[in-house]
Amino acid sequence: MRALFVVLAVQVLLGAAFAVLAATGNIPFTSDEPEERAARADRFDSAAAFSLLREQVELGPRPAGSRASRALGERLRGLLPDGRFEAVPGGLRNVVGEIPGRDPRRRVVVGAHYDTKDIPGFVGANDGASGTAVAVQLARTLKPRQLGPSVVFVLFDGEESPGDAPDSEFLRRGLRGSKAIAPRLRDAEAMVLLDFVGDRELSTPREANSDEELWSRLRAAAARVGAGEAFPPAFTGAISDDHLPFIEAGVPSIDLVDFTYPCFHKPCDDLSAVSESSVDKTGETVLELLTTL
Ligand SMILES: [Zn+2]
């Protein structure tokens, strides 16, 4: 009797543990490496996006104004539809492109920064290259008049503060490209910022400054393309990023930034820290979101 009770108790405990694992999506051995699975939808060419991520990393460190960053700017201008430079104070340049929508009065902004933090040897695979790669691949995928609003793509220069600036001066000395262009885009309906979007264990909560309504539409889009687990129903503290000048200009904005990233501003932010499947989940999700705006 007692033995039977123990067996029953163990079964109940195992059942409860399984229920918890199932609820949290952590059942071991039931799927092959879930973090490596790409999104279910397949409209976004993640191989092309990842190769663009790799190409940036292979340029080496790309701090704002450096030779490598200038060369990358030229390359990105050629890749964006209607690509052009817009001056940023200090001799920097945003790269801007646009895909016209059906309604000429409406527009939304997709942004990412293409400079890297000025730390010797820092190549920014996630912090810089991932968002830029996804933004450019979205621009190569969308067709004119496919969407209601026009989509303005902005690849920001000078998001990072200069190498000699302490972190406490980031708000004043960083975000240079977004501060320069946000006032001109104040009539945009929405701004989607892509920052840390390629790390291997992608789990992007809602960042506290990000617009709640737009974020819930992003999560619904993620669920529809089979990438829901990358955008859990969680939120994190406010992060100072290129969406702030747009919020200040009155544009509802969201920042896709998985800030639990262990290689933030560290030499390990290299190709080994990012994955094509994460780039795919972000790309498919944002593509789906854009089609519903
Ligand atoms: Zn950074």
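## A walk from Arg-173 to the disulfide

Select Arg-173 first: its relative accessibility is 25%, so it counts as partly exposed. The model on screen is a predicted one.

**Stop 1: the partners of Arg-173.** Show the side chain of Asp-164 together with that of Arg-173. The two meet in a salt bridge, with N and O 3.2 Å apart. Asp-164 is exposed, at 60% relative accessible area. Now add Glu-169, which also forms a salt bridge with Arg-173, again with 3.2 Å between the closest N and O atoms. Glu-169 has a relative accessibility of 23% and counts as partly exposed.

**Stop 2: a charged network.** Select Asp-82, Arg-84, Glu-86 and Arg-184 next; salt bridges with shared partners join these four into one network. Within this group, measure from Arg-184 to Glu-86: their closest N and O atoms are 2.6 Å apart, and the pair is a salt bridge. Colouring by sequence position helps here, since Glu-86 sits in strand E1 (residues 84–88) while Arg-184 is in the loop between helix H6 (176–181) and strand E5 (190–194). The two residues are 98 apart, and the bridge links distant parts of the chain. Is Glu-86 buried or exposed? Its relative accessibility is 19%, which is under the 20% limit, so Glu-86 counts as buried. Arg-184, at 37%, counts as partly exposed. In general, side chains of opposite charge can pair when their charged atoms come close. A search of the whole structure returns 16 salt bridges, among them the Arg-184 to Glu-86 pair.

**Stop 3: the zinc ion.** Centre the view on the zinc ion and display its protein donors. Which residues supply them? They are Asp-127 through OD, Glu-160 through OE and His-265 through NE2, at 1.9 to 2.2 Å from the ion. Along the chain, the donors follow the spacing D-x32-E-x104-H. Asp-127 belongs to helix H4 (residues 125–141), and His-265 to the loop between strand E8 (253–256) and helix H9 (276–291), so this pair ties together parts 138 residues apart in sequence. With the surface switched on, look for Asp-127: its relative accessible area is 2%, and it is buried.

**Stop 4: the disulfide.** Select Cys-263 and Cys-268. Their sulfur atoms are 2.2 Å apart and form a disulfide; the count of disulfides comes to one. Which hand does the disulfide have? The torsion about the S-S bond is about -115°, so the disulfide is left-handed. The two cysteines can be told apart by accessibility: Cys-263 is buried at 10%, and Cys-268 is partly exposed at 32%.

**Stop 5: Ser-69.** Move to helix H3 (residues 67–79), where Ser-69 is found. Ser-69 is buried, with a relative accessible area of 2%. To see what surrounds it, select Arg-62, Pro-63, Ala-64, Tyr-114 and Asp-157, which are its contacts once neighbours within four places in sequence are set aside.

**Last stop: the whole chain.** Zoom out and switch to a cartoon. The secondary structure comprises nine helices and eight strands. Of the 293 residues, 52% count as buried. Taking contacts between residues at least 6 apart in sequence, 78% join residues at least 24 apart. With the surface shown, the accessible area comes to about 13200 Å², and carbon and sulfur atoms account for 57% of it.

Terms used: Residues numbered from 1 in each chain as written. Predicted model: local features only at pLDDT ≥ 70, side-chain atom pairs only at ≥ 80, totals over all residues. Heavy atoms only, no water. Helix = DSSP H or I, 4+ residues; strand = E, 2+ residues; numbered from the N terminus. Buried < 20%, exposed > 50% of the residue type's maximum accessible area, 1.4 Å probe, protein only. Contact = heavy atoms within 4.5 Å. Areas by Shrake-Rupley, 256 points an atom, 1.4 Å probe, with all protein chains shown as cover. Donors = N, O, S within 2.8 Å, 3.2 Å for Na, K, Ca; no water. Disulfide = S-S within 2.5 Å.
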